[in-house]
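Student: Hi! Could you walk me through this one with me? I'd like to talk about helix packing and empty space.

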Amino acid sequence: MDKFLIRGGARLKGTVRVSGAKNSALPLMACSLLSDGQSVLKGVPQLADIHTMGRLLENMGARVTRSGGAVTVDTSGVRNFEAPYDLVKTMRASVLVLGPLVARFGKAKVSLPGGCAIGARPIDQHLKVLEALGATLRVEHGYVYAEAGRLKGCRFTFDIQTVTGTENALMAAACAEGTTVLANCAQEPEVVELAEVLASMGAGIEGAGTERIVVTGTKSLKPFARTVMPDRIETGTLLIAAAITGGDVMLENAIAAHSSAVVAKLAATGVQVENGESTIRVRAPDGPRSLRAADVETQPYPGFATDMQAQYMALMTVASGTSVISENVFENRFMHVQELVRMGADIRIKGNVAIVQGVPRLTSAPVMATDLRASAGLVLAALVADGESVVDRIYHLDRGYEGLEKKLATLGAMIERFAGRWPGKAPGDA
Ligand code: EPZ
């Protein structure tokens, strides 16, 4: 099991390129099922989750090939409409094949994803909108069984804003007969990118990026080619890596508008941020102690992203003052807190609220990642902690960050990956 060894204290400096967005590439790979032929995604990051989605599509009979950053999915051989538990349990985004399978083939057997570290993660909204479009669903033995003739357009309001729920609905409605009006939709940039791709395939889509989307379906959709947008969560993570180390970093292939809530919050703490056409420069020349604590409420887009909460909390542990961080999207997304406390952070949890009192310094410690974004928060804390920290269970990080340690090392961080036990003395070892 890979670990990171990180020696704190380096101020990050230089330029680094943001990779393509995991949470856009995944729905787009599933979207290829809606057409018969070869779809091409460019700028796709090399990530465990992308690999899993590729295996899932191959399991259905598709041909998935990768060369460099491009992934080609040929769906002409799809014959099996099942997403098995052993794949779905490793990546809940597998549920994104449900809408396309029902819409194009009228049949699907998709494992329920089960819970995960950050919450119960139900998919009731996904099922409700597919039923509203005319699918017949039953849930038994841990699987969703779906059947449908031609889906029919409908009017549907989500009970809660759900990113992948909205994405499944868009993909299903794109093949439905007639018009579908979806209300209380998620407004994330990844939803907008999916809508743009569906439009390029032949569907009519109005309103993506707002809470009301109108879809005019068509019987058959064409394959697509698309370069995936930059990853706004990696962007935010790298911005905070520069801020927490008192660095000066230029991000390339970064869309500031997709990170506006995070950029605004960092500016409020005193971080200097300059937005360019496709770059963001971030500086904190006087170090994290010169930054002011600022409260955060995580919200669906365009609010402050829940996927940035752990990373922001790491910054607040060494800023000056007290910040109140409210996690409003998931019910158990404070798994990083106790690990940060082991590094000397002063954090108290009251329900879905964490109260963070900035401390002059963190100390290195052996810590363990529990989920993708929590591990990013721990890495950021280790960049500024005194001494050498070991971050264990890095496989969580590999699901969502392409070569993060290489990017951080390029900027001057003292970080390396090692497998198994560290040959040297880890911090805290007797
Ligand atoms: C997407 O997950 C992202 N994943 C998550 O990123 C992200 O944290 C999340 O959106 C919120 O922004 C992908 O896009 C692949 P939701 P998703 O449905 O779609 C509840 C990462 O780190 N809900 O928007 O699964 C749900 O429990 C991952 O990259 C229902 O109650 O999240 C949650 O409380 C983690 N019923 C809230 O809605 C449903 O049917 C928002 O979840 C669906 C969701």
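Student: Which residues of H8 meet H10?
Tutor: In this predicted model, Ile-233, Thr-237, Ile-240, Ala-243 and Ile-244 in H8 meet Gln-311, Tyr-312, Ala-314 and Leu-315 in H10. Contact here means heavy atoms within 4.5 Å. Helices are DSSP runs (H or I, at least four residues) and strands are too (E, at least two), numbered from the N terminus.

Student: And by class, what is in that contact?
Tutor: The contact of H8 with H10 has 7 nonpolar, 2 polar and no charged residues. Ala, Val, Leu, Ile, Met, Phe, Trp, Tyr, Cys and Pro count as nonpolar, Asp, Glu, Lys and Arg as charged, and the others, Gly among them, as polar.

Student: At what angle do the axes of H8 and H10 cross?
Tutor: Roughly 5°, and the axes come within 10 Å. Axes are lines fitted to C-alpha atoms, for helices over the stretch in contact, with angles from 0 to 180 degrees between N-to-C directions. H8 and H10 are therefore roughly parallel to each other; angles under 35 degrees count as roughly parallel, over 145 as roughly antiparallel, 65 to 115 as roughly perpendicular and the rest as oblique.

Student: What about H8 and H12, how do they pack?
Tutor: Their axes are 9 Å apart, at an angle of about 20°. H8 and H12 are therefore roughly parallel to each other. H8 passes H12 in a right-handed crossing, that is, the near helix is turned clockwise from the far one by less than a right angle, while anticlockwise would be left-handed.

Student: Which residues make that contact?
Tutor: From H8, Ile-233, Thr-237, Ile-240, Ala-241 and Ile-244; from H12, Arg-373, Ala-376, Leu-380, Ala-381, Leu-383 and Val-384. By class, the contact of H8 with H12 has 9 nonpolar, 1 polar and 1 charged residues.

Student: Switching to empty space: how many cavities of 30 Å³ or more are there?
Tutor: The structure holds 2 of them. A cavity is a set of points, on a 1 Å grid over the protein atoms alone, where a 1.4 Å probe fits but cannot get out; lining residues have an atom within 4 Å of a point. Grid points are joined across faces, edges and corners, and a volume is the space filled by probe spheres set on the points.

Student: How much space lies in the largest cavity, and which residues are closest to its centre?
Tutor: About 80 Å³. Of its 13 lining residues, the closest to the centre are Arg-232, His-258, Ser-259, Val-262 and Ala-305. H9 (260–269) and H8 (232–244) each supply at least two lining residues, and H9 gives the most, with 3.

Student: What lines the second largest cavity?
Tutor: Thr-306, Gln-309, Ala-310, Arg-333, His-336, Asp-371, Arg-373 and Ala-374. H10 (309–316) and H12 (372–384) are the elements that give two or more residues to this lining. The second largest cavity holds about 40 Å³ of space.

Student: Which peptide bond is cis?
Tutor: The one from Tyr-301 to Pro-302, with omega near 10°. Pro-302 is in the loop between strand S18 (296–297) and H10.

Student: Anything I should know about how the values were made?
Tutor: Residues are numbered from 1 along each chain as its sequence is written, and side-chain values use heavy atoms, with hydrogens and water left out. Local features need pLDDT of at least 70 and side-chain atom pairs count only at pLDDT 80 or more, whereas totals for chains, interfaces and linings use all residues.

Notes:
1 Å grid on protein atoms, 1.4 Å probe; cavity = no way out; pocket = protein on both sides within 12 Å on 5 of 7 lines; lining within 4 Å.
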